[in-house]
Amino acid sequence: MASDTDPDPVTPLQLALDTQRQAIESWTDTVETSDALPDAVETATEIEVGQTPSEVVYEENKLELLHYRPEEAGIEPEETHETPILVVYALINKPYILDLQPDRSVVRRLLEAGHDVYLIDWNEPSRLDQHLTLEDYVTRYIDNCVDVVRERSGKDAINVLGYCMGGTMSTMYAALFPEKVNALGLMAAGLCFENTGGILEQWGSEEHYDPDLVTETFGNVPADFLDVGFALMDPVDNYVSKYIRFAENVGDEDFVENFSRMEQWLDEGIDVAGAAYDQFLEDIYQENKLYRNELYLGDRHVDIENVDMPVLQIIGEYDHLIPAGASKPFNDVVGSEDVTTIEYATGHIGLSVSSSSHAEVWPQVSEWYADRQYTEPGAADVETVDGIGPTYAERLRDAGIETVDDLREADFDHVVEVSEASEGRVEDWLASLE
């Protein structure tokens, strides 16, 4: 006998009616989706990516160095900054993920903040490029691009922003050519691979994987091989869930446009030069040579203690490709005393394209670069000299001694007089300039 607390029993009639109702709702949803699908397909075929105007200012082999033109994009920043930013993209996929659409464009955020932006588009290597090494990419291609930007801007050192694998290569470059890098930004950059828990680190370990088998077979590493590997890191989302979300939102034009842009980017992968791939997997992933300060490019030691310029790490808290543990430990081993970390609750791609990242992260990044503009040697403010605090600096400025060069050229007795400092203290100031 049923008690008073038992739920009402389901009658056969009620069950039949509920089943009929669910079938009608499902049929209605299917009809609505089918009606919206032709429009969604048309929208998907008409999307545009990488829309920010640019010009190619340098070419070498397959690479193109792009210089973005804010005035043609209708961008009028309130202030501008003279030290340009060179974006070093990864060798995998195309770089328009950083310029996907106007409201989700890293390039536009930097331009809107008044920065002068360049970007290296590597393009796809041919079979003739399979023997290109990391030494070729870092000490030749990146260095040549940096020199072009330096010459065009009139700056001896420029700012660099490296993304993913491009961040790893940018770090190598900064260690080898520190005099040419004013400030170094690293976005989702793999720098330390020692029990970080990342899936790529486990899959790419020496125990399970020999990259030579791939390159000996194909020469260059095929884009499809890489794309499938990345997709299998989260197979449910990449092969099932995202398509369910698409079906549920097929009538939302904005959703369809965003989805289609991402799908186009994922579908347009590029091959990776075989020798560079081997080096990256073996030296960076498997042997962790960069973090251990044991990496050589050719006969040149990539000494990370030479990375003494300001460093910014931009990290996705939920990045499954490059987890935070593959980036943050690097802060403790570089030579820089000015290291900043921005860790945000998003994933690897989300740093580039999520609306919240553009609202929260990129204003901070833009400000960080704005605060670290290149200053000609000797033109730095006198207060940057060791031992000169605000009070001494103000006295010196009042006497016309405003820069390091001014101090270096001033008469010793005059400096003592106007600063009201002891002779020993002034001698220490001048000795620090030698």
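**Salt bridges, surface patches and a buried helix in a predicted model**

Glu55, Arg69, Glu71, Glu72 and Arg152 are joined to one another in a network of salt bridges. The model in which this network appears is a predicted one, and the count of salt bridges in it comes to 22. Within the network, Glu55 pairs with Arg69, and the closest N and O atoms of the two side chains are 2.7 Å apart. This pair links distant parts of the chain, since Glu55 belongs to strand β1 (residues 54-60) while Arg69 lies in the loop between β2 (63-68) and β3 (85-88), 14 residues apart. Glu55 has a relative accessibility of 30% and therefore counts as partly exposed, and Arg69, with a relative accessible area of 24%, is likewise partly exposed.

Another salt bridge is formed by Glu383 and Arg397, with 2.9 Å between the closest N and O atoms. Because Glu383 lies in the loop between α13 and α14 (390-398) and Arg397 in helix α14, the pair ties together parts that are 14 residues apart in sequence. Glu383 is partly exposed, its relative accessible area being 32%, and Arg397 counts as partly exposed at 29% relative accessibility. A further salt bridge brings together the side chains of Glu287 and Lys289, with an N to O distance of 3.5 Å; in this pair Glu287 is partly exposed, at a relative accessible area of 34%.

With regard to overall organization, the secondary structure of the chain comes to 17 helices and ten strands. Of its 434 residues, 48% count as buried, and the chain exposes about 21,300 Å², of which carbon and sulfur atoms supply 47%. Among the contacts in the chain with a separation of 6 or more, 74% are accounted for by residues 24 or more positions apart. A separate example of parts distant in sequence is given by Pro363 and Glu112, which are 251 residues apart along the chain but have C-alpha atoms separated by 9.7 Å. Pro363 is found in helix α13 (residues 362-370) and, at 42% relative accessibility, counts as partly exposed.

Two surface patches were examined, one charged and one nonpolar. The negative patch is formed by Asp411, Asp413, Glu417, Glu423, Glu427 and Asp428. The elements that give two or more residues to this patch are α16 (412-419) and α17 (423-431), and α17 gives the most, with three residues. Glu423 is found in helix α17; its relative accessibility of 47% falls between the limits of 20% and 50%, so Glu423 counts as partly exposed.

The nonpolar patch on the surface is formed by Val228, Leu232, Val236, Tyr239, Val240 and Ile244, which together have about 530 Å² of accessible area. Helix α8 (residues 235-248) gives the most to this patch, with four residues. An α-helix has 3.6 residues a turn, so residues three or four places apart point the same way. Val236 is found in helix α8 and is exposed, because its relative accessible area of 53% is over the limit of 50%.

Helix α10 (residues 274-286) presents a case of burial. Eleven of its 13 residues are buried, so α10 is largely enclosed by the rest of the structure. The buried residues of α10 are Gly274, Ala276, Tyr277, Asp278, Gln279, Phe280, Leu281, Asp283, Ile284, Tyr285 and Gln286. The helix is followed by Asn288, whose phi is positive, near 55°, although Asn288 is not a glycine. Asn288 is found in the loop between α10 and β7 (296-297) and, at 1% relative accessibility, counts as buried.

A positive phi is also found at Asn93, where the angle is about 65° although this residue is not a glycine. Asn93 lies in the loop between β3 and α2 (106-112), and its relative accessibility of 10% is under the limit of 20%, so Asn93 counts as buried.

Definitions and conventions
Residues numbered from 1 in each chain as written. Predicted model: local features only at pLDDT ≥ 70, side-chain atom pairs only at ≥ 80, totals over all residues. Heavy atoms only, no water. Patch = residues over 30% accessible without salt bridge, like charges linked within 9 Å, V, L, I, M, F, W, Y side chains within 5 Å. Areas by Shrake-Rupley, 256 points an atom, 1.4 Å probe, with all protein chains shown as cover. Salt bridge = Lys/Arg side-chain N within 4 Å of Asp/Glu carboxyl O. Lys, Arg positive; Asp, Glu negative; His and termini not counted. Charge placed at Lys NZ, Arg CZ, Asp CG, Glu CD. Buried < 20%, exposed > 50% of the residue type's maximum accessible area, 1.4 Å probe, protein only. Contact = heavy atoms within 4.5 Å.
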